[in-house]
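Hello,

Here is the structure I promised to pass on to you. Please open it first, and then read the notes underneath.

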Amino acid sequence: MKGLSLLVAVALFMEFLDGSALNPAIPKIAASFGVAAVDLGPVASAYAISLAIFILPSGWLADRFGPRPVFATAIAVFTAGSLFSAMAGSAMELLFGRVLQGIGGAMMFPVGRLIVLKVTPRSQLLNVMTRLVWPAQLAPILGPVVGGYLTDAFSWRAIFLINLPIGIAAIAAALHLIPKFETPPQRPFDTKGFVLAALALTMLLACVDRLVDATGGVTFVALAFVAFCATALFARHLRHHPRPILTFEAMRHDCFRRSLLGGTGARIVLNAVLFLLPLMLQLCRSYTALDAGLVLMPFFVGVVAMQPFTTRILRAVGFRAILVTNSLLQGGFVALCAVMVDAVSLSPLPVLLFLAGASRSLQITAVSTLTFADVPEEHIGSANLLNAVSFHVSAAFGIGIGAALVQVGGAVMPDLLAAFRVVFLVSAAAATLLAFDFARLPANAGETVAGRR
């Protein structure tokens, strides 16, 4: 069990790390291709978009061919995309490699977790999910530091080359550790639903990207209109198709619904703050990109330091109390960031970020475990897929909305620091409001998976 969960965690860490490691290398990649850095915008977004889109058929593929071969193939596709990206001689070739990585990563995330959910008794789910959540928490913080170091010390191509030995070892481990599962009765693939969902997700993410450059512009309005139409058609398709690509039966279960909605809101706030804090330090405090990235390291240390204690704390205190308390704490930490943006000294910031990381570690473990606490076996697949889609979409929305709010605030406020302060306060209020949603959970929510019964 431990070996299997560690394998999935390593695969997910590799996937999440590549989502953020490339950003510091963009200027040097552009220079090596002889193009402007802004011309590589599609390369940066192609990975996130392909992840969001190709998560959708992962459940059908796992049912059709079995989780083990699909997970191993996903790692192989991701590794092949890494090799292609490392060998790219142009921006277009790198774009293709990133799309391949996204396709492989999209299948690794939900299928890997589905495998763990299938083999894990509910009484042990808390221990296992504690091991699985660390990639999502650590990779976005380590990514810029690792990417910056590899680029400066070796080459930007090293960011992709390090995936090759890890990917090959992970494929061998997957074929050895993952058991064979009985495949359910085959069902036809919902091609129309996939196309509509892919179009809606692509247009929504494009709208978020466009917010940063031209809020309210003609292009944004056109993208928003297409996104609205595609979403409406997809919703209509879901109501009439007998076996749609995405189902919402799991939303009937209270723990899943509140954990999904609350977790999505928390991820939007977290991604916005982790994106805006180093940006503020660079634009308003003259920090270098590497120094600004290193500022977030105490958050990483806090996440790691809390991990050994999360299971015992959740079992002792309970899920509802932890989720409510940590929502209030997260809101307080972000509010303190708003107070500190124009402070003469930022010396308290490392302590603040350490405590925020410890709180966040407990929060994400609780949400990730509680999400599947009351979902019956027949709905696990659809619940897992919904959760995976919300994870990647919320990350993109958090960064895009945060950047757009700062842009708008900078245009109407006397200085950029004031804009950052207001955005941090808005984010703090949003994080605090999540406590009211979690407070409506049953007092005994998650007791079975926590082993309290």
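Below is what turned up, taking the empty spaces first and one pair of helices after that.

Please keep in mind that this is a predicted model.

**Cavities**

Counting those of 30 Å³ or more, there are 3 cavities. The largest cavity holds about 220 Å³ of space. Its lining is made up of 19 residues, and V269, L270, V273, Q330 and V334 are the closest to the centre. If you would like to find the walls by element, look at α13 (254–285), α16 (319–340), α17 (349–370) and α19 (416–438), which each give two or more residues to this lining. The largest share comes from α16, with 6 residues. Sorted by class, the lining of the largest cavity has 14 nonpolar residues, 4 polar ones and 1 charged one.

**A helix pair**

Helix α17, one of the elements lining the largest cavity, also packs against α15 (residues 297–317): their axes come within 7 Å and cross at roughly 40 degrees. The two helices are therefore oblique to each other, and their crossing is right-handed.

Which residues make the contact between them? On the α15 side they include P298, F299, V301, M306, I313 and L314. On the α17 side, P350, L353, F354, R360, L362 and T365 are among them. Over the whole contact of α15 with α17, the residues divide into 15 nonpolar, 6 polar and 1 charged.

Enjoy exploring the model!

Best wishes

Definitions and conventions: Residues numbered from 1 in each chain as written. Predicted model: local features only at pLDDT ≥ 70, side-chain atom pairs only at ≥ 80, totals over all residues. Heavy atoms only, no water. 1 Å grid on protein atoms, 1.4 Å probe; cavity = no way out; pocket = protein on both sides within 12 Å on 5 of 7 lines; lining within 4 Å. Points joined across faces, edges and corners; volume = space filled by probe spheres on them. Helix = DSSP H or I, 4+ residues; strand = E, 2+ residues; numbered from the N terminus. Nonpolar A, V, L, I, M, F, W, Y, C, P; charged D, E, K, R; others polar. Axes fitted to C-alpha atoms, helices over the stretch in contact; angles between N-to-C directions. Parallel < 35°, antiparallel > 145°, perpendicular 65-115°, else oblique. Left-handed = near helix turned anticlockwise from the far one by under 90°. Contact = heavy atoms within 4.5 Å.
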